[in-house]
Amino acid sequence: MGNAYITSQSTDYTGSTPGRTRFVQSYAKINLTLDVLGRRADGFHELVTLMQTLDIYDTICVSEIEEPRVEIICSRPQLSTAENLIVRAVQAVRQRLSLEHGFVIEHQKRVPVAAGLGGGSSNAAAALLLLKEGWNLPLSMTDLHEIAAALGSDVPFFLTGGLALCEGRGERITPLAPHWPQAMRWLILLKPSISVSTALVFRNLSPADYSDGTNSRKVQDALAHKSNFQLSDLHNSLQRGVLECYPEVAQARENMLQAGAAHIFLSGSGPTLFAPFAQLSNASQVHQQLLAQGYEVYLTRAIYPQGTEASFF
Ligand SMILES: C[C@@](CO)(OP(=O)(O)O)[C@H](O)COP(=O)(O)OP(=O)(O)OC[C@H]1O[C@@H](n2ccc(N)nc2=O)[C@H](O)[C@@H]1O
Ligand SMILES: Nc1ncnc2c1ncn2[C@@H]1O[C@H](COP(=O)(O)OP(=O)(O)O)[C@@H](O)[C@H]1O
């Protein structure tokens, strides 16, 4: 299946209603490259972006109940609401299939929120896959894709995860072979302690930030042919504006450079920055230094939720 590892058990939730319970892991992503081609008539921006899932994940547990309602308990209480994208995904499925029974969701949040790591989008996609497979619901992948795209531009990517080229609003997905450069075997992620609005970051773009997509396609080609991969080819059209508008992000970038990271990039609309490393020893030193400075930092790697392993070059 896609961006998810599902496990199951029978349970008696709250001791009253026996029903099925399923767990799923929901992975974060980075944008290796992100080219903004221009603004569309519908207000969204046309993108070409290479996305990759990472070994940082939330755990979601869904239990069926007889009552016709959807309830969520999140480890971050501010996400225990009907606005949580998991609830919105589950409600979309209930409405589409006219399901009478409901669900109780437990959501252990680990992926940083509003970080450019796609946490909420990943949660929504994982919930859709979990319902389809765990409850054998009559939903095709085309149905799931349609529901996913209505929930958010990034959600369709997470139905397959791994490495993919995403175009249009982000919802046109081309999964790519899991080829990965040795130079990026390890990744350091630093999440500055500010929130960034994706909509505002797009609004602050200037036409000079637009590109024709060449950066993403060049990297896609290098990965496909396992050749000519240059870290300096990674590019994010949103980075200039974020570094200019948010001094905390620019400062964090400086501190990552000082700590020994040679290449640093913004993921999505930020504020998370990532730095690739070939060797764990180097990544680990930088990780420790940034932790000592009080930053929220993660040492992680690319992951393929379908269980495949990358072939490194
Ligand atoms: C920037 C990216 C890059 O992967 O990720 P994040 O930084 O959010 O993780 C995505 O395009 C975000 O996808 P997602 O978070 O699903 O965005 P949506 O909910 O669809 O849109 C939020 C807002 O971002 C702007 N937006 C989003 C996507 C797009 N192609 N053009 C846009 O202009 C719009 O202003 C929209 O109202
Ligand atoms: N399940 C969820 N996880 C994270 N954020 C969520 C979720 N559901 C709704 N949101 C809202 O979506 C917004 C974007 O969060 P997130 O998906 O983490 O952003 P990003 O894609 O930038 O990493 C947040 O402001 C948050 O309130």
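**Figure 1. Ligand 2 sits between the two domains of this predicted model.** Domain 1 (6-175) and domain 2 (179-312) both hand residues to the shell around ligand 2, so the ligand lies between them. There are 18 residues around ligand 2, and the closest are Leu85, Val113, Gly119, Gly120 and Asn123. Two elements, α1 (85-97) and α2 (119-134), give two or more residues to this shell. Helix α2 provides the largest share, with 4 residues. Sorted by class, the shell around ligand 2 comes out as 7 nonpolar, 10 polar and 1 charged residues.

**Figure 2. Ligand 1 also lies between domain 1 and domain 2.** Here again both domain 1 (6-175) and domain 2 (179-312) give residues to the shell, which is why ligand 1 is placed between them. Of the 19 residues around ligand 1, the ones that come nearest are Gly152, Ser153, Asp154, Gly268 and Ser269. The elements with two or more residues in this shell are β2 (17-39), β3 (45-65) and α5 (198-203). As for chemistry, the shell around ligand 1 splits into 5 nonpolar, 12 polar and 2 charged residues.

**Figure 3. Here is where domain 1 and domain 2 touch.** The domain assignment cuts the chain into domain 1 (6-175) and domain 2 (179-312). Their C-alpha centres are 24 Å apart. The contact draws 28 residues from domain 1 and 38 residues from domain 2. On the domain 1 side, β2 and β3 each chip in at least two residues. Strand β2 has the largest share of that side, 10 residues. By class, the residues on the domain 1 side divide into 15 nonpolar, 11 polar and 2 charged.

**Figure 4. Glu64 is a buried residue in strand β3.** What makes Glu64 count as buried? The cut-off is 20 or more other C-beta atoms within 10 Å, and Glu64 has 20 of them. Setting aside the neighbours within four places in sequence, Glu64 is in contact with Gly19, Arg20, His101 and Phe103. Trp135 is 71 residues away from Glu64 along the chain, yet the C-alpha atoms of the two are separated by 9.3 Å.

**Figure 5. Helix α2 is largely enclosed by the rest of the structure.** Of the 16 residues of α2, 14 are buried, so there's not much doubt about the "enclosed" label. From its first C-alpha to its last, α2 reaches 21 Å, close to the 22 Å expected at 1.5 Å a residue. Just after the helix, Asn136 takes a positive phi of about 50°. Helix α2 is also one to look for in the view of ligand 2, where it gives 4 residues to the shell.

**Figure 6. Helix α9 keeps its buried residues on the same side.** Which residues of α9 are buried? They are Ala283, Val286, His287 and Leu290. These four cover an arc of only 105° around the axis, which puts them on the same side of α9. They pack against β9 (186-191), α8 (247-259), β11 (273-277) and β12 (296-300). Flip to the face turned away from the buried side and you find the exposed residues Ser281, Gln288 and Ala292. The length of α9 works out too: its 13 residues (280-292) should span 18 Å at 1.5 Å a residue, and the end C-alpha atoms are 18 Å apart, which agrees. After the helix comes Gly294, with a positive phi near 90°.

**Figure 7. Two residues other than glycine, Ser98 and Ala114, have positive phi.** For Ser98, phi is near 50°. Ser98 lies in the loop between α1 and β5 (102-108). It counts as exposed because it has 6 C-beta neighbours inside 10 Å. Ala114 has a phi of about 50°, and its place is in the loop between β5 and α2. With 17 C-beta neighbours inside 10 Å, Ala114 counts as partly exposed.

**Figure 8. A cis peptide bond leads into Pro271.** The bond in question runs from Gly270 to Pro271, with omega near 5°. Where does Pro271 lie? Pro271 lies in the loop between β10 (265-266) and β11. Strand β11 shows up in the α9 view as well, as one of the elements that the buried residues of the helix pack against.

Conventions. Residues are numbered from 1 along each chain as its sequence is written. Chains are lettered from A and ligands numbered from 1 in the order in which they are written. This is a predicted model: local features need pLDDT of at least 70, side-chain atom pairs count only at pLDDT 80 or more; totals for chains, interfaces and linings use all residues. A residue is near a molecule or strand if its C-beta atom, placed from the backbone, lies within 6 Å of it. Ala, Val, Leu, Ile, Met, Phe, Trp, Tyr, Cys and Pro count as nonpolar, Asp, Glu, Lys and Arg as charged, and the others, Gly among them, as polar. Domain bounds come from an automatic or database domain assignment. The expected span of a helix is 1.5 Å times one less than its number of residues. A residue is buried if 20 or more other C-beta atoms lie within 10 Å of its own, exposed if 12 or fewer, and partly exposed in between; C-beta atoms are placed from the backbone. The arc is that of the directions from the helix axis to the C-beta atoms. Two residues are in contact if their C-beta atoms, placed from the backbone, lie within 7 Å.
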